[in-house]
Amino acid sequence: MKKGCAALLLMLWLLCSGAAWAGEFAALEKGLARWLKANRDPATGLPYSHVGDARFSGWTFTYDAAVTALAWLAVGDTAEARRIVDFYLRTPEVRRLGGVIEAVSFSDGRFVGRDWSVRSGANLWLGLAAGHLYRRTGEEAYLQLARGIADSALALQEKRRENPNRGGIAMGPPGDPANPKDQHFNYDSALPRYADSYATEINLDAYALFGLLAAETGAQSYRQGRAEVLGWLECQGFNAVEKRFNRGFGDATVAVDVQSWGVSALGQEVLDRFAPQAARDILGYVEKHCQVRVSMTGSRDWVEGVDFIHRAHAAALGREPLISPEWTFQLVNAWRRLSTDAASRGEKEAARDYAEKGRHLLRQMVKLAVPVGDTLGFPYATLPDALLGHENRTPAADNLSAVGVAYGLLALRGFDPLGDFPPL
């Protein structure tokens, strides 16, 4: 991808010279926060998900909004986090089938639903944003939003003992019976329903949200729900042969985000119940099979980060390796979680090693930062319009990604929304 290396270095120097935040990555952090403020709806604070891709002009995906709210909490801007979460609290049009729809636009006082599907993952992340906002502010409305989302997830939990997905949270509620395409993958009635599908990602999200709410409320429903989700993750999510997570039930596709999220959400102690040294093996798998080096256009330099999938899978698709900044930042937080866990066990050398792996990836991501005026953004991926390996394609050329920027702030501040809560 095109990079203005000289411009980037100059801007980083200028930002560093006046940075209010100390540290090695102060310039990057400040530039990213400025980019988020420059690329949001002024009335609601909703981030624009894919800036520069005309197909998604003005769109906000619910997951991106939730991660952005969490990023504002990470940098201490509670007011901006409130604006985003308050939009979902105060806008009844976003609600359907007991949840929040996948994507909206809101500008000039006008609401437009863009993707009317209701998916558990985005809803659970909105619950995490509301839950962390409650922790920061103590305001009951945010706790109630988080609880409502968690209770909807519990209603989608498989309870039948004979079902192999017992304990798992389905990918979404059943659709409107009047529309045979509703709540099916790609709105195709020939494809599975979300209500019959179980993804590792969603169950990790649920594990984290149930843990947060159990810690805050003491409610037995969240304790029990979390324990049952953990059973699903061990029996169906974890690939004991390859020491990594599957993408979902019956789906052995490698998805790199669930490897990082698995370590972030579960930590070393819980993962040791799955297999000895499972946390280290999971991240080692990513290093060996999913971490790539990509040449930077117009430069002899290279950048290192993670692809969305296994390198062999990318080759089978006929595409070059690519890097996702968002998913690389997720891996940074996973290494930090593993470092913290090792330090708590007195494993000082391992803790230093894991922490350095995270810092190395942060230094690599600096190379991918794109200067726009006095801001810094990140592309969704280093290749435009390329197959991810998970059904979809990356956005158009020259797009910049709100969730990539937001996850960058989470990693830079060491704020892990999936991170550890008091023992239950």
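Where is Asp 398 found? Good morning, colleagues. In this predicted model, Asp 398 sits in the loop between strand S12, residues 375-377, and strand S13, residues 400-401. I begin there on account of the backbone. The phi of Asp 398 is near 70°, a positive value in a residue other than glycine. As a general matter, most residues other than glycine have a negative phi. Asp 398 is also exposed, at a relative accessible area of 71%.

A second residue belongs under this heading. Gln 183, although not a glycine, has a positive phi of about 65°. Gln 183 lies in the loop between helix H6, residues 140-155, and helix H7. Is Gln 183 buried or exposed? With a relative accessible area of 1%, Gln 183 counts as buried, because the cut-off for that class is under 20%. Asp 398, at 71%, is exposed because the cut-off for that class is over 50%.

I turn next to the open space in the model. The largest pocket holds about 1500 Å³ of space. Its lining consists of 45 residues, and those closest to the centre are Glu 102, Arg 119, Glu 201, His 390 and Asn 392. Several elements give two or more residues to this lining: strand S2 (59-61), helix H3 (62-74), helix H5 (120-137), helix H7 (200-217), helix H9 and helix H12 (325-344). Sorted by class, the lining of the largest pocket has 22 nonpolar, ten polar and 13 charged residues.

Now to the enclosed space. How many cavities of 30 Å³ or more does a search of the whole structure find? The search finds one. The volume of the largest cavity is about 30 Å³. Lining the largest cavity are Gln 268, Asp 272, Gln 277, Ala 278, Ala 279, Arg 280, Leu 338 and Tyr 354. Helix H9 and helix H10, the latter spanning residues 278-289, each supply at least two residues of that lining. The largest share, three residues, comes from H10. By class, the lining of the largest cavity divides into four nonpolar, two polar and two charged residues.

Helix H9 also carries a residue that merits a comment on charge. Asp 257 is found in this helix, which runs over residues 256-274. Asp 257 is buried yet has no salt bridge. Which side chain of opposite charge is nearest to Asp 257? That side chain is Arg 247, and it is 8.1 Å away. Since a salt bridge calls for a nitrogen within 4 Å of a carboxyl oxygen, that pair does not qualify. Setting aside residues up to four places away in sequence, Asp 257 touches Glu 201, Trp 327 and Gln 330. Glu 201, as I mentioned, is among the residues closest to the centre of the largest pocket.

The salt bridges themselves come next. A search of the whole structure finds 28 of them. One joins the side chains of Arg 119 and Asp 115, at 3.1 Å from N to O. Arg 119 is partly exposed, with a relative accessible area of 27%, whereas Asp 115, at 12%, counts as buried.

Glu 287 forms another salt bridge, with Lys 357, and the closest N and O atoms are 2.9 Å apart. Glu 287 lies in helix H10 and Lys 357 in helix H13, residues 348-368, so the pair ties together parts that are 70 residues apart in sequence. Glu 287 counts as partly exposed, at 27% relative accessibility.

Helix H13 takes part in a further link. Asp 301 forms a salt bridge with Lys 367, the closest N and O atoms being 3.5 Å apart. Asp 301 is in the loop between strand S9 (291-295) and strand S10 (302-306), while Lys 367 is in helix H13, 66 residues apart, and the pair thereby links distant parts of the chain. Asp 301 is partly exposed, with a relative accessible area of 31%. In addition, salt bridges with shared partners join Glu 24, Glu 356, Arg 359 and Arg 363 into one network.

I close with His 50, which is found in strand S1, residues 50-51. His 50 counts as buried, at 12% relative accessibility. Leaving out residues up to four places away in sequence, His 50 touches Phe 56, Phe 61, Tyr 380, Pro 395, Asn 399 and Leu 400. The C-alpha atoms of His 50 and Ala 71 are separated by 17 Å, and the two residues are 21 apart along the chain. Thank you for your attention.

Notes
Residues are numbered from 1 along each chain as its sequence is written. This is a predicted model: local features need pLDDT of at least 70, side-chain atom pairs count only at pLDDT 80 or more; totals for chains, interfaces and linings use all residues. Side-chain values use heavy atoms; hydrogens and water are left out. Helices (H or I, at least four residues) and strands (E, at least two) are DSSP runs, numbered from the N terminus. Buried means under 20% relative accessible area, exposed over 50%, partly exposed in between (1.4 Å probe, protein chains only). Lys and Arg count as positive and Asp and Glu as negative; His and the chain ends are not counted. Contact means heavy atoms within 4.5 Å. On a 1 Å grid over the protein atoms alone, a cavity is a set of points where a 1.4 Å probe fits but cannot get out, and a pocket is an open set with protein on both sides within 12 Å along at least five of seven lines; lining residues have an atom within 4 Å of a point. Grid points are joined across faces, edges and corners, and a volume is the space filled by probe spheres set on the points. Ala, Val, Leu, Ile, Met, Phe, Trp, Tyr, Cys and Pro count as nonpolar, Asp, Glu, Lys and Arg as charged, and the others, Gly among them, as polar.
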